[in-house]
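Thank you for sending this model along for comment. The points below are meant to be read with the structure open beside them, and they move from the whole chain to single residues.

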Amino acid sequence: MEIVSAAILLFLIMDPIGNIPIFLSLLKGLPAARRRIVLAREMLIALAVLLVFLYSGAALLKLLHLRQESVSIAGGIVLFLIGIRMIFPPRDGVFGDLPEGEPFIVPMAIPCVAGPSTIAALMLLANDGTGRNVQWTLALVGAWFATALILFAATALYKLLGERTLSALERLMGMLLVAISVQMFLDGVKNYWASP
């Protein structure tokens, strides 16, 4: 997988368009200056978590005695469920009820940006046997940066596009995530049956 395709995959999984209404609702009670500080903090926490999993993923798999195929299958299932919830969102949103007050780590950094599917995808990239962690880091930082730009422009995008357009875009991204998740699942099953 090339850097650009890895970055696109990670960007789709991070789902910044779908996260716009969640982030706006979480930050609506804060002054504008504080909103930017909280958003920057949460995005940096998410990046740090993702980098930890990118660089410690192989060691973590060995420690837990998990095979790469298990992570691929599990990541595909979780990604599929998130994609389905994006296509058919429940009344209380993709992640359910949101806590009151200033958000800290949950749910903005984790799981909105650094969710289980993003972590699983990074662990799979890191474990692909090619030793291209620097390239995967560039893909991650690119996807994270694009996500951050969209989320920092969330208020303007919400006003410009409106709720219906954002909802349609989120459903489209959900369809892409479902397709990616099925491929991850099938690759995991194929590799599992092919391995000794």
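1. Of the 196 residues of the chain, 41% count as buried, and this should be read with the caution that the model is a predicted one. The accessible surface of the chain comes to about 10300 Å², and carbon and sulfur atoms account for 70% of that area.

2. The overall fold is built from helices, for the chain has eight helices and zero strands, and the order from the N terminus on is α-α-α-α-α-α-α-α. Among the contacts with a separation of 6 or more, 88% are between residues that lie 24 or more positions apart.

3. How does the size of the chain agree with that of a compact globule? A compact globule of 196 residues would have a radius of gyration near 16 Å, and the chain has 17 Å, which agrees. Along its principal axes, the C-alpha trace spans about 55 × 30 × 30 Å.

4. Helix α4, which covers residues 68-87, offers a simple check of geometry: at 1.5 Å a residue its 20 residues should span 28 Å, and its end C-alpha atoms are indeed 28 Å apart. The buried residues of α4 are E69, V71, S72, G75, G76, L79, G83, M86 and I87. Seen down the axis of the helix, these residues fall within an arc of 145°, so they line one face of α4. The elements that cover them include α1 (3-14), α3 (32-63), α6 (116-126) and α8 (154-194).

5. Two residues of helix α8 show in detail how α8 meets α4. S181, which is found in α8, has a relative accessible area of 1% and is therefore buried, the cut-off being under 20%. Leaving aside residues up to four places away in sequence, S181 touches G76, L79 and F80. M184 also has its place in helix α8, and at 10% relative accessibility M184 counts as buried. With the same neighbours in sequence left aside, M184 touches S72, G75, G76, L79 and L124. The C-alpha atoms of M184 and A121 are separated by 8.9 Å, although the two residues are 63 residues apart along the chain.

6. A few backbone features deserve a careful look, since most residues other than glycine have a negative phi and most peptide bonds are trans. A cis peptide bond joins V106 and P107, with omega about 0°, and P107 is found in the loop between α4 and α5 (108-113). Another cis peptide bond joins I110 and P111, where omega is about 10°, and P111 is found in helix α5.

7. Positive phi values also occur at residues that are not glycine. D15, in the loop between α1 and α2 (16-27), has a phi of about 50°, and D15 is buried, with a relative accessible area of 6%. H65, in the loop between α3 and α4, has a phi near 55°, but H65 counts as exposed at 71% relative accessibility.

8. Which residues form the aromatic pair, and how are their planes arranged? The count of aromatic pairs comes to one, and the pair is formed by Y192 and W193, which are edge-to-face, with 5.5 Å from centre to centre and 75° between the planes. Y192 counts as partly exposed at 41% relative accessibility, whereas W193 is exposed, with a relative accessible area of 68%.

Conventions:
Residues numbered from 1 in each chain as written. Predicted model: local features only at pLDDT ≥ 70, side-chain atom pairs only at ≥ 80, totals over all residues. Heavy atoms only, no water. Helix = DSSP H or I, 4+ residues; strand = E, 2+ residues; numbered from the N terminus. Expected span 1.5 Å × (residues − 1). Buried < 20%, exposed > 50% of the residue type's maximum accessible area, 1.4 Å probe, protein only. Arc of directions from axis to C-beta. Contact = heavy atoms within 4.5 Å. Rg over C-alpha atoms; globule rule 2.2 N^0.38 Å. Areas by Shrake-Rupley, 256 points an atom, 1.4 Å probe, with all protein chains shown as cover. Phe/Tyr/Trp six-rings, centres within 6.5 Å; stacked < 30°, edge-to-face > 60°.
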